[in-house]
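User: Could you take a close look at one charged pair in this model? Start with one of its partners, then work outward to whatever else you can connect with it.

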Amino acid sequence: MNQPDYVLGHSDHELGRLRRQAALLESTTREYLAAAGLAPGMRVLDVGSGAGDVAMLAAELTTPGGRVIGTDTAAAAVSAASAAASAAGLSDIVHFRNGDPAALTFDEPFDAIVGRYVLVFQADPAAMLRRVSRHLAPGGIVVFHEPDWCAVRSSPPAPTYDRCCRWIIETVDRARTSWNMADRLHRTFTDAGLPAPTLSMRTFIGVGIAAEVWLRAVADIVETLLPTMEALGSATAAEVGLETLAERLIDEIRETPTTLIGRSEVAAWCRGGESS
């Protein structure tokens with residue numbers, strides 16, 4: 001009853017958006033997974049696999065000898081992820097299962113449990129992390145990469161960008177969730193009974209046309225959220241003007257000195273069993 005609404009859904013557009021987002025996030029997630037200690041030969045559990053990109057990235061980092069099992073509660077996501085792994089030639093080492101990973105059973109424990117943009121969608125992220133960590137081998141790695149929207153702004157103001165960010169934040173707030181994890185990750189880990197984690201944050205910042213990739217990502221999120229925006233009264237389709245939104249966002253900052261600050265990418269990692 002207290003579970004927040006998963007406002008992004010699993011439409012074809014959203015699965016495509018996840019792949020486009022994965023390209024934007026790949027270098028950051030790779031850095032976090034490597035810093036946490038993923039290495040060749042490890043057996044990895046990917047929680048909330050979505051389109052499968054993090055599972056496939058984990059496979060790259062644990063080759064040779066590694067194995068990755070990705071999980072998702074949405075059958076559509078599992079199907080899309082399995083197809084992506086097959087297309088990438090990774091189906092021998094990356095497999096996906098449909099279901100709650102905390103409730104699933106596996107043949108042996110994992111050397112690492114990973115996830116991207118998973119804890120932020122949990123009503124009680126510490127409880128979820130505690131339950132899924134029962135699959136971790138002694139001394140195994142836990143690493144999660146999560147978002148935080150507290151810093152988003154523009155200076156001097158870019159009204160269309162600021163409006164889009166406000167629509168996004170208002171919509172997720174009205175859906176009884178929050179996309180801000182920077183100040184919650186440490187306590188999530190310790191409340192789950194894990195050692196105090198290492199924390200890291202990277203934030204997008206750009207001026208002019210250098211910000212185009214982030215602006216297209218913002219328009220992509222707005223497109224996924226638009227039905228929920230309308231249902232919750234955050235914005236109407238007419239206000240959004242989806243058909244030209246990305247172009248208007250880019251045109252607005254193309255020839256200006258506006259500095260855009262975007263979503264932050266935060267991560268926490270530790271080794272289980274390092275403290276009592």
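Analyst: Let's start with Glu170, which is partly exposed at 26% relative accessibility (buried is under 20% relative accessible area, exposed is over 50%, and partly exposed is in between, with a 1.4 Å probe and protein chains only). Bear in mind that the model is predicted: local features need pLDDT of at least 70, side-chain atom pairs count only at pLDDT 80 or more, and totals for chains, interfaces and linings use all residues. Residues are numbered from 1 along each chain as its sequence is written, and side-chain values use heavy atoms, with hydrogens and water left out.

The partner of Glu170 is Arg174, and the two side chains meet in a salt bridge at 3.9 Å, N to O (a side-chain nitrogen of Lys or Arg within 4 Å of a carboxyl oxygen of Asp or Glu). Arg174 is partly exposed too, at 43%. Both sit in helix α5, 4 residues apart, so about one helical turn separates them (helices are DSSP runs of H or I of at least four residues, strands are E runs of at least two, numbered from the N terminus). Elsewhere, Glu26, Arg30 and Glu60 are joined into one network by salt bridges that share partners.

Within that network, Arg30 and Glu60 bring their closest N and O atoms to 3.0 Å. This pair links distant parts of the chain: Arg30 is in helix α1, Glu60 in helix α2 (residues 53–62), 30 residues apart. Arg30 is partly exposed at 27% relative accessibility, and Glu60 is partly exposed at 45%.

The whole structure holds 11 salt bridges. One of them joins Arg20 and Asp220 at 2.7 Å, N to O. Arg20 belongs to helix α1 and Asp220 to helix α7, so the pair ties together parts that are 200 residues apart in sequence. Arg20 is partly exposed, with 44% relative accessible area, whereas Asp220 is buried at 12%.

Back to where we began, and on to the loop between α5 and α6, where Arg176 lies. Its phi is near 65°, a positive value in a residue other than glycine. Most residues other than glycine have a negative phi, and most peptide bonds are trans. Arg176 is partly exposed at 46%. Tyr117 also has a positive phi, near 55°, but counts as buried at 14%; Tyr117 lies in the loop between β4 (110–116) and α4 (125–132). As for peptide bonds, Ser155 and Pro156 are joined by a cis one, with omega about -10°, and Pro156 is in the loop between β6 and α5. Thr63 and Pro64 are also joined by a cis bond, with omega about 5°.

The loop between α5 and α6 brings us to the aromatics. Rings of Phe, Tyr and Trp (its six-membered ring) pair if their centres lie within 6.5 Å, and planes under 30 degrees apart count as stacked, over 60 as edge-to-face and the rest as tilted. That gives 6 aromatic pairs. Tyr32 and Trp269 form a tilted one, 6.1 Å centre to centre with 40° between the planes. Tyr32 is in helix α1 (residues 12–36) and Trp269 in strand β8 (residues 259–271), 237 residues apart. Trp149 and Trp179 also pair, with centres 6.0 Å apart and planes at 45°, so this pair is tilted. Trp149 lies in the loop between β5 (136–148) and β6 (153–155), and Trp179 in the loop between α5 (159–174) and α6 (185–191), so the pair ties together parts 30 residues apart in sequence. Trp149 and Trp179 are both buried, and ring pairs link them with Phe121, Phe204 and Trp214 into a cluster.

Trp179 turns up again in the largest nonpolar core, of 56 residues, as one of those with the most contacts inside it (a core is a set of buried Ala, Val, Leu, Ile, Met, Phe, Trp, Tyr and Cys residues joined through side-chain atoms within 4.5 Å). Helix α7 (residues 212–232) gives the most to this core, 10 residues. Apart from it lies another core, of 27 residues, with Tyr32 among them.
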